Amino acid sequence: MFQASKTHLNELQIKRLEEILIVIDKQDQIIGADTKRNCHLMENINKGLLHRGFSVVLFNTQNQLLVQQRADAKYTFPGHFTDSCSSHPLYVPEELEEEDALGVRRAALRRLQAELGIPQDQISIKDITFMTRKYQKCQSDAVWGDHEIGYLLLVRKDLTLNPDPREVRSYSYMSQEDVQELLDREARGAEKITPWFRSMVEDFLLPWWPYLEDVSPFVEPDKIYGL
């Protein structure tokens, strides 16, 4: 079954399945490491394997949110609309650093540049604000799923984008009304949206949207939403 489930993946996605992710417990304490493939197989998720991830919500200075549609070659939720950029910190020293979520923010910077093609001279760690953490468990198909504590990171800046088509099928900046309409279409079965993006919008982004110009960290030190 696993081999059959890989047939839609491109070479990049197959290579990325060998990346080593950070394995954690439900208190977000590091307990080990495993491949991205193993972390996203439902057979392991059902045994409790949990990893650390992140989602970036990127707003321009007109307070429009960058929404992307995942490439059809993605191993989980292919072709679904989702947040601006989501991925994982790797089990490497610079992305394991936990103070001020520095390791996760470094990982986000790496992925923003690789996935969205943002030039290095336009964005830095200081542009990425750690807002909160959220637990999620969701199934994509019979083989793949996601089980992580995701760090929600916010960027508000006008940036040049050149997304990698192997990662991103389409993208656009959306107003709050546009995003609500997208969620409404998904509720009617007219669109596909990742489960974490819907919960992120409903739980956090809609309340935050009016205050983006005064954004500040929303972190409660011991709080992980969804647990």
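**Talking through Asp 214 and the nonpolar cores**

Biologist: Is Asp 214 buried or exposed?

Modeller: In this predicted model, buried means under 20% relative accessible area, partly exposed lies in between, and exposed means over 50%, with a 1.4 Å probe and protein chains only. Asp 214 has 64% relative accessibility, so this residue counts as exposed.

Biologist: Thanks! What should I keep in mind about numbering and confidence?

Modeller: Residues are numbered from 1 along each chain as its sequence is written, and side-chain values use heavy atoms, leaving out hydrogens and water. Local features need pLDDT of at least 70 and side-chain atom pairs pLDDT 80 or more, while totals for chains, interfaces and linings use all residues.

Biologist: Which helix does the segment holding Asp 214 come after?

Modeller: Helices are DSSP runs of H or I with at least four residues, and strands are E runs of at least two, numbered from the N terminus. Asp 214 sits in the segment that follows α8 (195-208).

Biologist: Which element gives the most to the largest nonpolar core?

Modeller: A nonpolar core joins buried Ala, Val, Leu, Ile, Met, Phe, Trp, Tyr and Cys residues through side-chain atoms within 4.5 Å. The largest has 24 residues, and Phe 197 and Leu 205 are among those touching the most other members. β3 (51-59) and α7 (176-187) are among the elements that each supply at least two residues, but the top contributor, with seven residues, is α8.

Biologist: Which residues does Leu 205 touch, not counting those up to four places away in sequence?

Modeller: Contact here means heavy atoms within 4.5 Å. With those sequence neighbours set aside, Leu 205 touches Val 57, Leu 65 and Met 200.
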